[in-house]
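Hello,

Please find below the structure that I promised to hand over to you. After it I have written out what was found, with each term explained where it comes up.

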Amino acid sequence: MTASPVELKVTDELREAMRDCIAGRLHSPVMQKLSSGTKAVLKDIAGLQTRAMATLGPAIHVGESWWVTRRAIQQSTTLQVAQFKASWFGDHPVTDICCGIGGDLIALARRGPTTGIDASKSVLSFTAANLVTAGVNANLHWLDVMESDPADVVSGSKWIHIDPDRRANNQRHVQPDAWLPTWERTEALLGQTEGGLVKMAPATTLDASIAENCHLMWISSGGSVREQTAIWGNLPTPPSIQNNGNAWQAGGRTAVVLKHETVQCFSTRSDDWTTPATATSSAEGWMIDPDGAIRAAGLTDHFAHCHEAKTLGGPSGFLTADWHEIDSQPSQPNVAIQHLAMIAKTRDRMSCDDRALRRYFRKAKAYPEIVKVRGVDIDPAKLGKKLRECGETPLALWIGRNGKKTYAVVTDLPETVPV
């Protein structure tokens, strides 16, 4: 259930005015007809177009723009994530509840029949315009899902996608009871279907009684964890998805990494992730930094177990492993790890001291092209700039905390594991 301070109905005349606004023709005849308030809104939307294209993709319909607000673009699902989620539904009818300006709706409409529902007429006006910009069709309904009968909301759809408003009262909420619709109403809606996807903030923590009835999935793309998604009911798994031999069972967790046009998953069943990994106090032959989706899902320890790695400074720190000491081919880490973590071969270990670091890089005629920091108050950009003058060979510098000590590890640039 989204709300917008913008009360505009997107008409053909307003579309023309937007084209003039983006082109800088602020005194065109159609712009002169608009009130100062409407002009200000159009200018704001025009200034958001670069950000909108980064989130929603390029406009398919030539000459059209994305109709967005600052709040809406912050909440919108990015194109890559939306396409991934849409692939779960095949070509069957789907209802997108709390569709907002259409981030998920557009991707869903591209794969099959889709209905979008929202409680705000002004938002739905923007949604309709964005469907034109995207070159797709979907049915749109103005409906308050908290007041309407769940069966009327779902309207016969086999599956639903729902993105609750998590910013009620202008505050960000990660607890389902504060969302609109509430989790109780969300479950009622899901109960009318065979299953669905519920979009949540990455930091959302569901009660155990809820989590055991769904499969939780954290999705990252572009180096950031974009969302947590609850997979509810009997959804088919897209053929393109490969996980590490684990089914998408209720009560389990999955980290999904969207990278370089690939989909990589790391999954667990029920309580598999709760066993702590072996800890070490010293970096071994390889340094490993699991993707943010793995960390957000709480799967760092389980990831270490599966790849014969250890935690360095606890599960919130880096991982390390001595893969080069493994003789038997079957026990070597799966090559897919390169998509699920940053890995690099260790060169040297030392204390984190400015003089020692400068001395090392000068002697090696190198500089840290990549500086990774965990658990310490060090600005990677500033440190990298300070050491840039030491040489020309690019290396990587990993800095973390082990107990009260701060350590530094120099590695080659990240690469794939040996196979």
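**Cysteines and disulfides**

C99 counts as buried, because its relative accessibility is 7%, where buried means under 20% relative accessible area, exposed means over 50% and partly exposed lies in between, computed with a 1.4 Å probe on protein chains only. Before going further, please keep in mind that this is a predicted model, in which local features need pLDDT of at least 70 and side-chain atom pairs count only at pLDDT 80 or more, while totals for chains, interfaces and linings use all residues. Residues are numbered from 1 along each chain as its sequence is written, and side-chain values use heavy atoms, with hydrogens and water left out.

How many disulfides does a search of the whole structure find? The search finds zero, a disulfide being a pair of cysteine sulfur atoms within 2.5 Å. In general, a disulfide is a covalent bond between the sulfur atoms of two cysteines. For C99, the closest cysteine sulfur is that of C98, and because the two sulfurs are 8.1 Å apart they are too far for a bond. C390 is buried as well, at 8% relative accessibility, and its sulfur is 14 Å from the closest cysteine sulfur, in C352, which is again too far for a bond.

**Two residues with positive phi**

C98 has a phi near 60 degrees, a positive value in a residue other than glycine. C98 sits in the loop between β1 (94-97) and α7 (103-111), where helices (H or I, at least four residues) and strands (E, at least two) are DSSP runs numbered from the N terminus. S155, also not a glycine, has a positive phi of about 55 degrees, and its place is in the loop between α9 (150-154) and β4 (159-162). Is each of them buried or exposed? C98 is buried, at 4% relative accessibility, whereas S155 is exposed, with a relative accessible area of 58%.

**The sheet of nine strands**

One open sheet has nine strands in the order β3-β2-β1-β4-β5-β7-β6-β8-β9, with mixed pairing; two strands pair if DSSP finds at least two bridges between them. At its edges stand β3 (139-142) and β9 (262-268), each with a single partner strand, so one side of each is left without a neighbour in the sheet. Strand β8 (residues 253-259) runs antiparallel to β9 and is joined to it by seven bridges, and L258 stands opposite V263 in β9. Helix α8 (residues 121-134) packs on this sheet, touching β2 (114-118) and β3, and its direction makes about 175 degrees with that of β3. Here a contact means heavy atoms within 4.5 Å, and the angles run from 0 to 180 degrees between N-to-C directions, with axes fitted as lines to C-alpha atoms, for helices over the stretch in contact.

**The sheet of eight strands**

Another open sheet has eight strands, in the order β10-β12-β13-β11-β14-β17-β16-β15, and its pairing is also mixed. Its edge strands are β10 (279-280) and β15 (366-374), each of which pairs on one side only. Within this sheet, β11 (residues 286-290) and β13 (residues 318-321) pair in the antiparallel sense over three bridges, and W286 stands opposite A321 in β13.

E284 lies in the loop between β10 and β11 and is buried, with a relative accessible area of 12%. Leaving aside its neighbours within four places in sequence, E284 is in contact with several residues, among them K310, T346 and R349.

Best wishes
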